[in-house]
Amino acid sequence: MIDRQLNYGRHLIKQFLKKASPYETVLDIGAGGGTDLKLAKDVNPKAETFAIESYLPYVEKLRTEGITVYALDIERDRLPFDDGTVDVVIVNQVLEHLKEVFWVFHEITRVVPVGGKVIVGVPNLASLHNRVLLAMGRQPSTIRTSSAHVRGFTRGDFLRFLDDCFPHGYALKAFGGSNFYPFPPVIARMLARIFPTMAWGIFFLLEKQREYDDGFLKFPVRERLETNFWLGEGR
């Protein structure tokens, strides 16, 4: 009854890519089988596509499709790009799996130029079905202890995270929701369009507004967050 493919918000990713066009380089962090990069090529066939992916079957598939693939640990390694050289970064259904969100967004922000775009998709902790689960005293499905998800996101909290670490550094250019549990696809699409902040997944198109000042690495130190976050060698 539920179409879980809607969780990936491909229609929104394509809309956001059209808004981000023209672009020459696209990086997909956690590219999987390359579906989002295919959308990027559909919008701009001349774009050069890069992927960060470690799962070997996906790595082989991506390479057979002509995509440059890097297998690395995004929670500790630097992205293999110079500062300000990637026009669009996609990170779809990845951030919820990470502890080191400060490091990852430091690297994303470093490689994107002023005016460059970042497309983010995450499960929505404030979705309707999660609100109902919490009201019943049950665990939200997007961040169960026995799952791979270690972070929960809402629209407001994610935008606050960006502005706390990189004040006025990103502008929200577009926002949308995808899928709506527990409804079938036709109803889920309609409800997600009308009530995006209550959809299963939330999606952001961000534009970098100013030069980066290492704010995502400075924030955990400044705020004395009592957690051993990875902030790079020598920090």
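**An open mixed sheet and one small-volume cavity**

In this predicted model, an open sheet is built from 7 strands, which follow one another in the order β3-β2-β1-β4-β5-β7-β6. The pairing within the sheet is mixed. At its two edges lie β3, covering residues 68–70, and β6, covering residues 170–178, and each of these strands pairs on one side only. Between neighbouring strands of the sheet the average turn is 15°, with direction ignored. As a general reminder, the strands of a sheet pair through backbone hydrogen bonds, in either a parallel or an antiparallel sense.

The β6 edge is a good place to look at the pairing in detail. Here β6 runs antiparallel to β7, the strand of residues 201–208, and the two are joined over 8 bridges. Within this pair, L172 stands opposite L206 of β7.

Turning from the sheet to the empty space inside the model, a probe the size of a water molecule, rolled over the atoms, shows where such space is left. The structure holds 1 cavity of 30 Å³ or more, and the largest cavity has a volume of about 40 Å³. Its lining is made up of I29, I74, D77, L79, V104, E107 and I108. Helix α4, spanning residues 101–111, supplies the largest share of this lining, with 3 residues. Sorted by class, the residues around the largest cavity comprise 5 nonpolar and 2 charged ones, with no polar residues. Readers with the model open can find the cavity by displaying the lining residues, including I29, I74 and L79, together with helix α4.

Technical notes. Residues numbered from 1 in each chain as written. Predicted model: local features only at pLDDT ≥ 70, side-chain atom pairs only at ≥ 80, totals over all residues. Heavy atoms only, no water. Pairing = 2+ DSSP bridges. Helix = DSSP H or I, 4+ residues; strand = E, 2+ residues; numbered from the N terminus. Axes fitted to C-alpha atoms, helices over the stretch in contact; angles between N-to-C directions. 1 Å grid on protein atoms, 1.4 Å probe; cavity = no way out; pocket = protein on both sides within 12 Å on 5 of 7 lines; lining within 4 Å. Points joined across faces, edges and corners; volume = space filled by probe spheres on them. Nonpolar A, V, L, I, M, F, W, Y, C, P; charged D, E, K, R; others polar.
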